[in-house]
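Colleague: Please take one part of this model and go through it closely. Start with the terms you will need, then build outward.

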Amino acid sequence: MRKFLVVLDDSRECLNAMRFAAMRAAKTKGGVEVLSVIPPDEFNHWIGVGDIMRQEARERIEVHFEVFAKWMRDKQNVDPELVIREGEPVTEILAQVQDDPEVGVLVLGAGVEKGGPGPLVTQLSKNSGSLPVPMTIVPGDLSKERLEAIT
C-alpha cells in the first residue's frame with residue numbers, strides 16, 4: 001500500500017496538506033501517515049521538567065491529530081496513523097521517509113505569507129532531487145472545492 005506522508009504542525013497550510021493527502025489516499029486506495037516532529041529545543045530544561053514538557057507536547061499532538069483523523073475517517077474513509085518523532089523537523093521527515101518503505105509521496109503545505117512557502121517547503125525543496133519519493137506541495141490558500149477537483 002502506498003502511503004501519503006503529511007506533516008502535522010501548527011501552520012495554517014497544514015490543513016490543506018491534510019485534506020489533499022486524505023483525498024488522494026481515498027481515491028487511490030492508499031493510506032495516510034501523519035508525522036509530527038517535536039523540536040529538541042523545547043526540552044532544554046532540567047530532566048524532570050523536560051520529561052513533563054515532552055509528555056504535554058505529545059498529548060497536544062495527539063489531540064490535534066484526532067481532529068484530522070476523525071475528518072479523514074468520516075469524510076474520506078481513510079484511517080490515518082500518527083508518528084511522533086523528536087529532533088530537527090527536516091532531518092526527522094527525511095528519516096521517516098527512509099524508515100517506512102510504504103511511504104510513496106511526501107505532502108507539504110505551502111504558506112501564503114510574505115515570508116515565502118515556509119521553512120519545511122524551502123528546505124526540503126533544496127533536497128528534492130535526492131528524495132527517495134516524490135514531494136507534493138499544496139498551496140495553503142486553495143479552496144476545498146479546488147482541492148476536491150484536483151484530487
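Modeller: Ala, Val, Leu, Ile, Met, Phe, Trp, Tyr, Cys and Pro count here as nonpolar, Asp, Glu, Lys and Arg as charged, and the others, Gly among them, as polar. The model is predicted: local features need pLDDT of at least 70, side-chain atom pairs count only at pLDDT 80 or more, and totals for chains, interfaces and linings use all residues. Residues are numbered from 1 along each chain as its sequence is written, and side-chain values use heavy atoms, with hydrogens and water left out.

The part is the largest pocket (an open set of points on a 1 Å grid over the protein atoms alone, where a 1.4 Å probe fits, with protein on both sides within 12 Å along at least five of seven lines). Its volume is about 550 Å³, taken as the space filled by probe spheres set on the points, which are joined across faces, edges and corners. The lining (residues with an atom within 4 Å of a point) has 28 residues. Nearest the centre lie L8, D9, D10, S36 and V37. By class, the lining holds 17 nonpolar, six polar and five charged residues.

Several elements (DSSP runs: helices H or I of at least four residues, strands E of at least two, numbered from the N terminus) supply at least two lining residues each: α1 (14-28), β2 (31-38), α2 (47-76), α3, β4 and α4 (119-126).

Now α3 itself. Its buried residues (under 20% relative accessible area, with a 1.4 Å probe and protein chains only) are V90, E92, I93, Q96 and V97. Seen down the axis of α3, they fall within an arc of 165 degrees, so they line one face of the helix; the arc uses directions from the helix axis to the C-beta atoms. On the other side, Q98 and D99 are exposed, that is, over 50%. The buried residues of α3 pack against β1, β2, β3 (81-86), β4 and α4, a contact being heavy atoms within 4.5 Å.

One of these buried residues, E92, forms a salt bridge with R85, the closest N and O atoms being 2.7 Å apart. A salt bridge is a side-chain nitrogen of Lys or Arg within 4 Å of a carboxyl oxygen of Asp or Glu. R85 is buried too.

E102 follows in the loop between α3 (89-99) and β4 (103-110). E102 bridges K3, with closest N and O atoms 3.6 Å apart. K3 sits in strand β1 (residues 3-7), 99 residues away along the chain. K3 is buried at 4% relative accessibility, while E102 is partly exposed at 37%. Both belong to a salt-bridge network with E33, E81 and D100.
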